[in-house]
Amino acid sequence: MSFWQETSGALDISIYPVLAEWGFTTGEYHVPDADTISRLLKNVSGGSLSVSGSTVQIPPDSMIDLGALAKGYTGDEIMEIFRQNGISSAMISIGGNIQALGSKPDGSDWRIGIKDPFSPDENVCAVSISDKAVVTSGNYERYFTGDDGRVYWHILDPSDGCPADNGLVSVTVIGEQGLTCDALSTALFVMGTDKAQTYLKEHTEVDAVLVADDGQLFCTDGISGCLEMKNGKTAEVIARD
C-alpha cells in the first residue's frame, strides 16, 4: 500500500528537505521564510517516488525522511522475531511506539496510557489492548519557540511546508501493524479533525483516539469500550458502519 496515495498526500516521506530547513533534523531551529519553503516544496512529491524490488528511485534534489515509518516497521519486525522464537507474550516500547504480542502472561489485556498533550506528564486516558500496536503523534513531542513567540512542532503539512495546524494536537492509532499505525498517526494529524474522522469512518481496520486543540476527545467505536478516561474526561464516539 502507498501511504502517500492512501492518505491523499497527508503522509509524504519526501518532506525531508523542508523538515531539515526548519531544523528538526539538526537541532538548529528557525522559521524559514516563505520563499525558501516554496522553493523546497517543488521537490516534495511522494508520487514521484518509485519502488521496484529492493530498488528505490528518487528524483534529483529530493530526499526522504522515514521518521513516520521506521519505528513502526521495527516493531513489526521485532514481533515477528518473537513469534519465530516461540514467544507468545511480550510488549515493547520504541520511542513511544508501543507494540504488544498477545496478552499479558496471566491472560489479561495490556493497559497503555495515552498522554495528555496539554499536560504530557499525565495521561488523558488508557486503552486496553492485546496483540496490537499503539502509536501516538503529538505536537508536544518535538517543538521549538520561534523569535515571534509562537510554538512550532515537527509534524509538517506537505501542502504548505509548515507545522500542521488543522485542529488536532494528538493522534493515537491502534491496530495490528505497527507500520500502519505509525504512518497513520502522522497522516491523521496532518489531515485535521474533520478529515481524520472521515478517513476513520471509511477505514475500519484501525482505531484511533483524537485530541483536538480545544481539548475535545474523539475515539472510534471499535475501542470505545476499551478506554478508561482520566480526570473526568469524555470522548465523542466516531460511529462506523
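In the predicted model, a nonpolar patch of about 270 Å² is found on the surface, and the residues that make it are Val51, Val56 and Ile58. Of these residues, valine 51 belongs to strand E1, which covers residues 50-52. Valine 51 has a relative accessibility of 64% and therefore counts as exposed, since the cut-off for that class is over 50%.

An open sheet is built from three strands in the order E5-E6-E15, and the pairing is antiparallel. Strands E5 and E15 occupy the edges of this sheet. Each of these two strands has a single partner strand, so one side of E5 and one side of E15 have no neighbour in the sheet. On average, and with direction ignored, neighbouring strands of the sheet are turned by 30° against each other.

Within this sheet, the pairing of E5 with E6 can be followed residue by residue. Strand E5 spans residues 110-116 and strand E6 spans residues 119-129; the two run antiparallel and are joined by seven bridges. Together E5 and E6 form a hairpin, with two residues between the strands. Glycine 113 has alanine 126 of E6 as its bridge partner. For lysine 115, the bridge partner in E6 is asparagine 123.

Positive phi angles occur at two residues described here, serine 8 and asparagine 231. Serine 8 is not a glycine, yet its phi is positive, at about 55°. The loop that holds serine 8 runs between helix H1 (3-6) and helix H2 (16-22). With a relative accessible area of 72%, serine 8 is exposed. Asparagine 231 is likewise not a glycine and has a positive phi of about 55°. Asparagine 231 is placed in the loop between strand E15 (227-229) and strand E16 (235-238). Strand E15, at one end of this loop, is also an edge strand of the three-stranded sheet. The relative accessible area of asparagine 231 is 64%, and this residue is therefore exposed.

The cysteines were also examined. The structure contains zero disulfides. In the case of cysteine 226, the closest cysteine sulfur is that of cysteine 219, and the two sulfur atoms are 9.6 Å apart, which is too far for a bond. A disulfide requires a pair of cysteine sulfur atoms within 2.5 Å. Cysteine 226 has a relative accessible area of 30% and is partly exposed. Cysteine 162 also counts as partly exposed, with a relative accessibility of 26%.

A further residue, threonine 198, is part of helix H6, which covers residues 193-202. Its relative accessibility is 41%, so threonine 198 counts as partly exposed. Along the chain, threonine 198 and proline 163 are 35 residues apart, and their C-alpha atoms are separated by 21 Å.

Methods
Residues numbered from 1 in each chain as written. Predicted model: local features only at pLDDT ≥ 70, side-chain atom pairs only at ≥ 80, totals over all residues. Heavy atoms only, no water. Pairing = 2+ DSSP bridges. Helix = DSSP H or I, 4+ residues; strand = E, 2+ residues; numbered from the N terminus. Buried < 20%, exposed > 50% of the residue type's maximum accessible area, 1.4 Å probe, protein only. Patch = residues over 30% accessible without salt bridge, like charges linked within 9 Å, V, L, I, M, F, W, Y side chains within 5 Å. Areas by Shrake-Rupley, 256 points an atom, 1.4 Å probe, with all protein chains shown as cover. Salt bridge = Lys/Arg side-chain N within 4 Å of Asp/Glu carboxyl O. Axes fitted to C-alpha atoms, helices over the stretch in contact; angles between N-to-C directions.
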